[in-house]
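Please walk me through this structure step by step, beginning with its overall layout and ending with how far the details can be trusted.

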Amino acid sequence: MIMLLMGLALAMFGLAVTAAAFGAATRNEAKPEVRVQPRVEAVPERFFADPHRAFHQQPNVPLEVLLLQIEQHVRLEQAAAESFIHLPTSEALNCRTESPLVH
């Protein structure tokens with residue numbers, strides 16, 4: 001009989017500990033409100049170069065010349081892509097085109 005009472009007491013103790021742990025886990029505590037401060041980032045005066053000054057320092061190049069260079073670059077890139085599609089190798093993927101423009 002004493003063993004039965006001891007087992008019952010241990011079961012009740014275990015139930016009480018389990019109920020306390022469950023109550024602590026599911027308790028709704030009012031969390032303090034965190035105010036988000038907007039970030040103020042310093043804008044660099046010059047990132048790589050001053051865009052206005054760099055634009056005015058360059059010699060006057062006709063727009064048609066720039067467009068032709070871009071067209072040639074696009075054609076060379078397309079030719080490189082087509083050659084990779086026809087024969088996909090790691091060398092063809094990592095080789096540079098003959099375009100003078102950096103991509």
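Helices and strands are taken here as DSSP runs, a helix having at least four residues and a strand at least two, and they are numbered from the N terminus. Read in this way, the protein, which is a predicted model, follows the order α-α-α-α from the N terminus on, with four helices and zero strands.

The surface is a useful place to begin, since the protein has 103 residues, of which 3% count as buried. Its accessible surface comes to about 10,600 Å², and carbon and sulfur atoms account for 64% of that area.

Helix α1, which covers residues 2-25, gives a simple check of geometry: at 1.5 Å a residue its 24 residues should span 34 Å, and the end C-alpha atoms are in agreement with this, being 35 Å apart. Of those 24 residues the number buried is zero, so α1 lies largely in the open.

Further along the chain, helix α3 holds a pairing of side chains, and the general principle behind it is that side chains of opposite charge can pair when their charged atoms come close. Here R75 and E71 meet in a salt bridge, with a distance of 3.5 Å from N to O, and a search of the whole structure finds one such bridge. The two residues are four apart in helix α3 (residues 63-86), and therefore about one helical turn separates R75 and E71. As for their surroundings, R75 counts as exposed, at 57% relative accessibility, whereas E71, at 40%, counts as partly exposed.

A nonpolar patch also lies on the surface, formed by V61, L63, V65, L66, L67, I70 and V74, which together have about 580 Å² of accessible area. One of these residues, I70, lies in helix α3, and because its relative accessible area is 46%, I70 falls into the partly exposed class, which is consistent with the cut-off of over 30% that patch residues must meet.

It remains to ask how much confidence the predictor places in this picture. The mean pLDDT of the protein is 78, and 70% of its residues reach 70 or more. Among the elements, α1 has the highest mean pLDDT, at 94, while helix α2 (residues 51-57) has the lowest, at 52. Where pLDDT is low, the predicted coordinates should not be read in detail.

Technical notes: Residues are numbered from 1 along each chain as its sequence is written. This is a predicted model: local features need pLDDT of at least 70, side-chain atom pairs count only at pLDDT 80 or more; totals for chains, interfaces and linings use all residues. Side-chain values use heavy atoms; hydrogens and water are left out. Buried means under 20% relative accessible area, exposed over 50%, partly exposed in between (1.4 Å probe, protein chains only). Accessible areas come from the Shrake-Rupley method with a 1.4 Å probe; for residues, only the protein chains shown count as cover. A salt bridge is a side-chain nitrogen of Lys or Arg within 4 Å of a carboxyl oxygen of Asp or Glu. Patches are made of residues with over 30% relative accessible area and no salt bridge: like charges are joined within 9 Å, nonpolar side chains (Val, Leu, Ile, Met, Phe, Trp, Tyr) within 5 Å. The expected span of a helix is 1.5 Å times one less than its number of residues. pLDDT is the predictor's confidence in each residue, from 0 to 100.
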